Amino acid sequence: MEELFDVLGKLNDRTLAYAELKNDLLFQKIPKDKIKYYVDDSLFLGKIEAKKYLGKDLKKLCEDNGVKIEIVKKSGTFYGVKFRAEISFSKKENIIKIYENSLIDLMNTCNKVDFFKEKLSYEDVFNMHLAHEFYHFLEYKEKKPTNELLEQVTLMNFVFFKRKSSIIKCSEIAAHSFSKEILGAKFLHNIYDYLYLIELGKISLDDFKKIVICLEKELNNML
């Protein structure tokens with residue numbers, strides 16, 4: 001696993017955030033000179049929000065804010081899409097659902113990757129997902145979704161009509177940043193999605209290296 005160590009050892013928040021940004025449905029609408037803005041500001045907003053809660057117990061934070069934590073004893077797979085956690089909002093109640101079997105699957109699979117000195121515990125994967133969803137609750141509570149705080153991109157531009165939209169993945173990047181900061185983690189937590197795919201053989205280590213190199217080159221050309 002020396003090759004994996006070499007790749008991960010050089011990974012930074014910006015590269016992982018850019019990987020998330022590229023998954024946005026409107027990514028192609030983002031001007032190249034705005035890539036840095038969306039990446040860096042999303043990371044900053046998540047990090048600065050986390051500083052308000054450093055040292056706090058996540059379960060207690062949820063309790064104090066009226067957020068119910070529901071442990072679902074199954075995998076969160078719906079129509080082929082796998083969820084490990086999600087949050088639902090309503091006037092009646094706010095619920096963070098944690099899909100226990102999906103978290104255990106992530107933990108066991110990533111722990112087979114011989115890179116981290118300390119293996120993931122269930123508490124680790126539970127907290128990273130709880131922190132991520134709690135950030136989305138804060139966006140809802142404060143009526144300040146990260147994607148709506150940042151500039152919109154133009155979808156269509158005619159003489160008398162202009163249509164714009166926000167970049168939804170900015171909210172996900174900020175949630176990753178919040179979770180990393182509040183838990184004192186080394187990487188943004190979307191790194192585990194890649195480790196999971198590598199261990200399952202969905203992508204090869206060589207493919208992963210190429211992805212990282214490509215992301216870094218693209219970023220360097222845009223920044």
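Which residues lie nearest the centre of the largest pocket? I looked this up first, bearing in mind that the model is predicted. Glu20, Lys169, Glu172, His176 and Asp193 lie nearest the centre. I counted them within a lining of 31 residues.

**Pocket lining**

I asked which elements give two or more residues to this lining. They are strand E3 (81-83), strand E4 (85-88), helix H6 (122-141), helix H8 (169-183) and helix H9 (191-199). H6 gives the most, with seven residues.

I noted the volume of the largest pocket as about 980 Å³. Next I sorted its lining by residue type. I have 13 nonpolar residues, nine polar and nine charged.

**Confidence**

I checked how far the model can be read. Mean pLDDT for the chain is 90. I found that 90% of its residues reach 70 or more. Where is confidence lowest, and where is it highest? The lowest is in strand E2 (residues 76-78), at a mean of 56. The highest is in H8, at 98. H8 is also one of the elements in the pocket lining. Where pLDDT is low, the predicted coordinates should not be read in detail. I leave the details of E2 alone, given its mean of 56.

**Lysine 143**

I then turned to the backbone. Lysine 143 has a phi near 55°, a positive value in a residue other than glycine. Where does lysine 143 sit? I placed it in the loop between H6 and helix H7 (146-149). Is lysine 143 buried or exposed? Its relative accessible area is 70%, so I enter lysine 143 as exposed, the cut-off being over 50%.

Note on methods:
Residues numbered from 1 in each chain as written. Predicted model: local features only at pLDDT ≥ 70, side-chain atom pairs only at ≥ 80, totals over all residues. Heavy atoms only, no water. 1 Å grid on protein atoms, 1.4 Å probe; cavity = no way out; pocket = protein on both sides within 12 Å on 5 of 7 lines; lining within 4 Å. Points joined across faces, edges and corners; volume = space filled by probe spheres on them. Helix = DSSP H or I, 4+ residues; strand = E, 2+ residues; numbered from the N terminus. Nonpolar A, V, L, I, M, F, W, Y, C, P; charged D, E, K, R; others polar. pLDDT = per-residue confidence, 0-100. Buried < 20%, exposed > 50% of the residue type's maximum accessible area, 1.4 Å probe, protein only.
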